[in-house]
Amino acid sequence: MADFAVEAEAGELGFDQERLARIDRYFRPYVDDGRLPGWLITVSRGGRLVHLSAYGHRDVASGRPVEPDTLWRWYSMTKPVTSVAAMMLYEEGALQLTDPVERFVPSFADLRVFAGGSDLQPVTVPLDRPMTVWHLLTHTSGLTYGFLRAHPADAMLRARGFEWGTPEGYTLADSCDAWAGIPLLFQPGAEWNYSLSTDVLGRVVEVASGQSLDAFFRTRIFEPLGMEETGFHVPGERADRLASLYVRGPGGVLSRTGTSGRAQTPPAHLSGGGGLIGPASDYHRFTQMLRGRGAVDGVRLLGSRTVDHMARNQLPGGADLESFGRRLFAETPFEGTGFGLGFSVVTDPVALHGLASPGEYGWGGAASTAFWVDPREDITVSFFTQLMPSSTYPIRAYLRSLVRQALVD
């Protein structure tokens, strides 16, 4: 977006400029000492951008810098977009949260639940309740991810080619049918586990709407919001703006991954759980729609009460992820954090041991990206980089405290 720039002075919006500058001072050394290739940070309040900064490189070897129009793999920051799509269809009566998933994905009628044994000889039992759309939105479906490496079902996914991607040529429908043949970790609704749930939700969106997921996103979300450069791949004319993807190699040295070029090819599998690529400006538009309780600049995607409901903790009895969930990584703080319909939700900042507001919601991506919306302080924040996995450094916790300490009103 040509107009993606700071819109207000810090003092106008209750920030101290010198304290706000601490954000960049803290994160610059991550680039200088080689921990991150580069980053871009946005902070807004009241719908006005108060801080926009970029540092480092979108590609280290070539020296190409991070710029405001750099394109980033959003990975799991795609999930809130898919969740919004599903809730748009909910508002139109195309689906109910209580609908069984098998209504849209027939192969899910024959799901089994892991009860013992191993990945090679699993013991399974039948469902005692149907998996519903609500279970997909809340990650209480019993599905899992191959890359988690915490359960025999994860190994079964990897054995079938589902770890960080999908087998060559598989469509979203093909993948869902394959996942239906792998036992669930638990009965739907019994626990929380981060999973392929939102990919399955993407297939629900396709069937319920009669459109492919990319077409629904483009016509119903991206074009109305002006998210002009977001999609499931990067066209050739924009390829130079795509940030390279890195992992931490031996000795902590950044290593460019071999998957960096895949983003330039239209995928057969449209991943509602992690497939979108776009600039920070487009994601900023999406967060402003959420901040506006479903609307921004006169464009409304969802009713205000629908967004309010999505941002409420949905876990039974008001539980947090520490008591109800399975950890993603040992370093992930789950205390004081619940889960809504597509986002994590702060339920108790004291239990979280961090500066936060009750009701703050957001999520992050596998390449260490993150965003959140704080309705109480009327703040939205985003962080973009391209380092996998997201557990490499505690970036999100530090960013939260650095933004909050700059508030002085």
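**View 1. Helices H2 and H6 cross with a left-handed twist.** This close-up comes from a predicted model. H2 (residues 79-91) and H6 (residues 197-209) pack at about 35°, and their axes lie 9 Å apart. On the H2 side, look for Lys79, Thr82, Ser83, Ala85, Ala86 and Leu89; they meet Thr198, Leu201, Gly202, Val205, Ala208 and Ser209 of H6. Sort the residues of this contact and you get six nonpolar, five polar and one charged.

**View 2. Eight strands line up in an open, antiparallel sheet.** Reading across, the order goes S3-S2-S1-S16-S15-S14-S13-S12. Strands S3 (64-65) and S12 (337-339) sit at the edges with a single partner strand each, so one side of each has no neighbour in the sheet. Helix H1 (residues 17-32) packs on the sheet, where it touches S1 (38-45), S2 (48-59) and S16 (379-384). The direction of H1 makes about 165° with that of S1.

**View 3. Strands S14 and S15 pair up in the antiparallel sense.** Four bridges join S14 (residues 361-364) to S15 (residues 370-374). To spot one pairing, find Trp363 and then its bridge partner in S15, Phe371.

**View 4. Helix H8 is largely enclosed by the rest of the structure.** Why say that? Because 11 of its 12 residues are buried. Among them are Asp282, Tyr283, His284, Arg285 and Phe286. The length of H8 (residues 280-291) checks out too: at 1.5 Å a residue it should span 16 Å, and its end C-alpha atoms are indeed 16 Å apart. After H8 comes Arg293, with a positive phi near 55°.

Notes. Residues are numbered from 1 along each chain as its sequence is written. This is a predicted model: local features need pLDDT of at least 70, side-chain atom pairs count only at pLDDT 80 or more; totals for chains, interfaces and linings use all residues. Side-chain values use heavy atoms; hydrogens and water are left out. Axes are lines fitted to C-alpha atoms, for helices over the stretch in contact, and angles run from 0 to 180 degrees between N-to-C directions. Helices (H or I, at least four residues) and strands (E, at least two) are DSSP runs, numbered from the N terminus. A crossing is left-handed if the near helix is turned anticlockwise from the far one by less than a right angle, and right-handed if clockwise. Contact means heavy atoms within 4.5 Å. Ala, Val, Leu, Ile, Met, Phe, Trp, Tyr, Cys and Pro count as nonpolar, Asp, Glu, Lys and Arg as charged, and the others, Gly among them, as polar. Two strands pair if DSSP finds at least two bridges between them. The expected span of a helix is 1.5 Å times one less than its number of residues. Buried means under 20% relative accessible area, exposed over 50%, partly exposed in between (1.4 Å probe, protein chains only).
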